[in-house]
Amino acid sequence: FGYRGNLQFVFVGIIPYFAGTIFNTFYIRKNKIRYRLNSKHLLIFGLLGLTWIIAILRGAIYKIDQLTFFTLGMGLTWIILMTFYFQALVISPADMSERANRSAVYAAGVFVFVNLVLHLLGIRSPDELFLAKYPAQMLSLLGIQTYRVVFPMASGFNSFGNLAGAALASLPFILRDRTTRTLEKIMVCVLLVSSLVSILLTDSRGPLFFSAVTLGLMILPKQLFSVLRWVLIGATILLPFLLINPPPFLVEKMSFLSRPASEWQEQAIETTEDCSPLASESSGFLTNRTAIWKATVADLSFTNPYSYIGYGFRGQLISGVSKKYSCLFTSYENQIFISSHQMWLQTIMDIGIIGLAITLIAFVFLILELDRDQTYPVKGANSAYSAYLLYIVAIGTLESSLYPDAFELFIIVFLLLTGTVVKKKESRKYD
């Protein structure tokens, strides 16, 4: 609602959670609540969390200004939310603990639904994230001429569309869970419709496509699913390197994946002296993502130590790489903050190849753990978790889907990871 850049407002918003963590700490100690932790999960996900905390600190202090304190505040908010969620799982009885974990999957759909309702009520964010209007191409195919919508609490077109796609890919599996109540199923259906409508309003073609890919993978026979999911993960890592110089026939045949350049972009490429040749020579394929990837990959080398440890949070800004393609985003309020639009490339920029390896291990470990906890991919809440994680990787082909500035997806992923640290509890009664 216009307070995204106001640090004081952010802290006011987090006070209830901070107070909750203090209360929960005393409550757990006073009532001597016992809980067990998955030591492997704690080690792997704790290491991943620590890696990102260090990256956020590095990103905050590389240049001391107003952004420093906001970045630190964002990191503190993230830590408090994870702690609060962890304590909630520890305190909850067994049946409620399961439902609390399920709520992490609901979070995407609920956030999208609330934003859609606010938009329909005429509420708009005063934050000017974009200085130009972009036509909604998918709705135009349905005969509706309008522009892409920036929802009130969204961090941008793409990040919000990615979240709606995550809900669309994961929530259907909640419907198949026998423990899901009728009222809950109705709620899930409402969230699914809201997510689809939101994808159309943001004109997010990637999320619509990759949510369909994720759903298609999840309903395959178990053995085929078990193989193809690793193929998907491997393809998302290799694709940017294979498409840096896309062949002309591919550009022509897949032109529907490219969005026409706005007048702002055309002017910038023609008139900006420091506009990178990589950007000015771009074919426009995948809406100029290949030009962004080329600029990012050019910064990586075996002799560059930052390739291994990363530059810290917003590595593309710290390294200066974003300046090479910022002229493509002159219609954005903060064009130099624009990410590399690819999950693994952005991960390398922020936390390096070492951080990428930790992230991969965490994802693989969690996917395998979910496998052991179910007899077939299409089954209840665990399948929803699996679908959510696979979707994050799939959409990561074209977006920085695990990136703190895209806070919607980032927070929920870490909620899911936090939920696996607490071992399942036996049913117990409370007075």
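**A nonpolar surface patch on an all-helical chain**

Val110, Phe113, Val114, Val117, Leu121, Leu183, Ile186 and Val190 form a nonpolar surface patch of about 680 Å² in this predicted model. Two helices, α4 (94-120) and α8 (182-202), each contribute at least two residues to the nonpolar patch. The largest contribution, four residues, comes from α4. One of the patch residues, Val114, lies in helix α4. Val114 is classed as partly exposed because its relative accessibility is 32%, a value that falls between the limits of 20% for buried and 50% for exposed residues.

The protein chain that carries the patch contains 19 helices and zero strands. Of its 431 residues, 51% are buried. The accessible surface of the protein chain amounts to about 20,700 Å², of which 66% is supplied by carbon and sulfur atoms. When contacts between residues at least 6 apart in sequence are considered, 80% of them link residues at least 24 apart.

Confidence varies along the model. The mean pLDDT of the protein chain is 81, with 81% of residues at 70 or more. Among the elements of the chain, the highest mean pLDDT, 93, belongs to α8, one of the helices that supply the nonpolar patch. The lowest mean, 54, is found for helix α12 (residues 263-271). Over residues 427-431, pLDDT remains under 50, and the model has 10 contacts beyond four places in sequence for this segment. Predicted coordinates should not be read in detail where pLDDT is low.

Technical notes:
Residues numbered from 1 in each chain as written. Predicted model: local features only at pLDDT ≥ 70, side-chain atom pairs only at ≥ 80, totals over all residues. Heavy atoms only, no water. Patch = residues over 30% accessible without salt bridge, like charges linked within 9 Å, V, L, I, M, F, W, Y side chains within 5 Å. Areas by Shrake-Rupley, 256 points an atom, 1.4 Å probe, with all protein chains shown as cover. Salt bridge = Lys/Arg side-chain N within 4 Å of Asp/Glu carboxyl O. Buried < 20%, exposed > 50% of the residue type's maximum accessible area, 1.4 Å probe, protein only. Contact = heavy atoms within 4.5 Å. pLDDT = per-residue confidence, 0-100.
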